[in-house]
Amino acid sequence: MPRLPRPAGAAAATLALGLVAAAPAPAHEPLVTDARVLAHLDLAAGQTPENIALDLDGSADVTFAYARQIAHVTDDGRVRTRATLPAVAHAATPLLHSAVVTGIARAHDGTLYVDYATGTSATGVWRLSPGDAPEQIAALPADGLPNGLALDERRGVLYVADSVRGTVWRVPQAGGTATAWAKGVALAPLPAAPARGLGANGVKVRRDSVWVSNTDRGTLLRIPVRPDGAAAPVETRAGGLAGIDDFAFPGHGRSVLAALNTGNRVVLVRADGTVTTVLTAQDGLSNPTSVAVRGRTVYVPSAASTTRRDPNLLLARLRHLIGR
């Protein structure tokens, strides 16, 4: 989530799907093709997507940040509200000054987990079980900004990227006390960028590592998980990614598709750190916030947070599988 100014009830979001490895096609062929907007969203209604999680049938659940909503988007573009998180009186979220729903993750049984940032005791991780109302399962510091969210079901933990405190929190999947799992300069916002102030943003679990983007620093980071579950030192895998928001792995390797929110681009960051633009505003991006991939289908939500034009959910097609 690069900066989310509060537009007339607006929010920000993201979306993408998964992929298998294979040898790359010739370099002259475009990697991503057939881009189209699956769903045009309503800016006035606050339908500005911030983050995305995919259902087994290929539909998606997205968060509408300022609307405090979790919405479901079907594979034919229909949008319905799954749940609205409770309103908070006198919300005082750092930077945003409003209650916002940010990251989202999905468990294999359909349970959804979301981050809720309010500047109050309601700040933390919330759970939406099928058929139930949302409930808070872990509290996080009121003066933080929980943003990206990732679930590691094998270990039974959630990871939360706190953009203001420069911290990755670890939360039991069943609920309970959050612990500061990783922190430091690499995860922190730039001290000389008060107008932005967004450090750790997107977060994903990849095998025995947690990957994190830092928006202010334009970096993609990897944090190995030690056998005892503790965080190893942070590694910088790529830099120069101005405005990076959330991201996804389009294969079994370490290549990443990342949303560059302020640049209106989605880029492929290969394992060697090279960066290639694969989608732009000409394809329909309008401040993209995240990416999701399944098979060869790529989903990208755009929040229109600064363009103020056409928040949407875009679909595209990977021409070939990415092996590294």
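Let me start with one residue, Asn287, which is buried, with a relative accessible area of 1%. Please keep in mind throughout that this is a predicted model, and that everything I say is read from that model. Asn287 is found in the loop between E22 and E23, and if we set aside residues up to four places away in sequence, Asn287 touches Asn261, Asn264, Pro301, Ser302, Ala303, Ala304, Ser305, Thr306 and Thr307. There is also a spatial relation to Gly243, which is 44 residues from Asn287 in sequence, while the two C-alpha atoms are 9.7 Å apart in space.

One of those partners, Asn264, deserves a word of its own, since its place is in the loop between E20 and E21, and its phi is positive, at about 50 degrees, although Asn264 is not a glycine. Is Asn264 buried or exposed? With a relative accessible area of 17%, Asn264 is buried, because buried means under 20%.

A second residue with a positive phi that is not a glycine is His97, where the angle is near 65 degrees. His97 lies in the loop between strand E6 (79-84) and strand E7 (100-106), and at 58% relative accessibility His97 counts as exposed.

Now let me step back to the whole protein, which has zero helices and 25 strands. Of its 324 residues, buried ones make up 60%, and among contacts between residues at least 6 apart in sequence, 54% join residues at least 24 apart.

With that background we can turn to the largest nonpolar core, which has 18 residues, and in which those with the most contacts inside the core are Leu257, Val266, Val278, Leu279, Val291 and Val298. Which elements give two or more residues to this core? They are strand E20 (256-260), strand E21 (265-269), strand E22 (275-279), strand E23 (291-294), strand E24 (297-302) and strand E25 (312-318), and E25 gives the most, with three residues. To see what the surroundings of one core residue look like, take Val266, which, not counting residues up to four places away in sequence, touches Leu257, Ala258, Ala259, Thr276, Thr277, Val278, Leu279, Leu285, Val291 and Val300.

Let us move from the nonpolar core to the charged side chains, where the count comes to twelve salt bridges. In one of them, the side chains of Asp143 and Arg165 meet, with 2.7 Å from N to O. Asp143 lies in the loop between strand E10 (135-139) and strand E11 (146-152), and Arg165 lies in the loop between strand E12 (157-162) and strand E13 (167-172), so the pair ties together parts that are 22 residues apart in sequence. Asp143, at 47% relative accessibility, counts as partly exposed, and Arg165, at 37%, counts as partly exposed too.

Another salt bridge joins Arg155 and Asp152, with the closest N and O atoms 2.9 Å apart. Here Arg155 is partly exposed, with a relative accessible area of 27%, whereas Asp152 counts as buried at 6% relative accessibility.

A further salt bridge is formed by Arg237 and Glu235, whose closest N and O atoms are 3.6 Å apart. Arg237 counts as partly exposed at 27% relative accessibility, and Glu235 is partly exposed with a relative accessible area of 27%. Elsewhere, salt bridges that share partners join Asp55, Asp61, Arg82 and Arg106 into one network.

Arg237 also leads us to the empty space inside the model, where the count comes to one cavity of 30 Å³ or more. The largest cavity has a volume of about 40 Å³. Which residues line the largest cavity? They are Trp211, Leu220, Arg237, Arg254, Val269, Arg270 and Ala271, and by class this lining has four nonpolar, no polar and three charged residues.

I will finish with a loop residue, Gly176, which is found in the loop between E13 and strand E14 (179-183). At 32% relative accessibility, Gly176 counts as partly exposed, and, leaving aside its neighbours within four places in sequence, Gly176 is in contact with Ile137 and Ala138. The C-alpha atoms of Gly176 and Gln136 are separated by 9.8 Å, although these residues are 40 residues apart along the chain.

Technical notes. Residues are numbered from 1 along each chain as its sequence is written. This is a predicted model: local features need pLDDT of at least 70, side-chain atom pairs count only at pLDDT 80 or more; totals for chains, interfaces and linings use all residues. Side-chain values use heavy atoms; hydrogens and water are left out. A salt bridge is a side-chain nitrogen of Lys or Arg within 4 Å of a carboxyl oxygen of Asp or Glu. Helices (H or I, at least four residues) and strands (E, at least two) are DSSP runs, numbered from the N terminus. Buried means under 20% relative accessible area, exposed over 50%, partly exposed in between (1.4 Å probe, protein chains only). On a 1 Å grid over the protein atoms alone, a cavity is a set of points where a 1.4 Å probe fits but cannot get out, and a pocket is an open set with protein on both sides within 12 Å along at least five of seven lines; lining residues have an atom within 4 Å of a point. Grid points are joined across faces, edges and corners, and a volume is the space filled by probe spheres set on the points. Ala, Val, Leu, Ile, Met, Phe, Trp, Tyr, Cys and Pro count as nonpolar, Asp, Glu, Lys and Arg as charged, and the others, Gly among them, as polar. A nonpolar core is a set of buried Ala, Val, Leu, Ile, Met, Phe, Trp, Tyr and Cys residues joined through side-chain atoms within 4.5 Å. Contact means heavy atoms within 4.5 Å.
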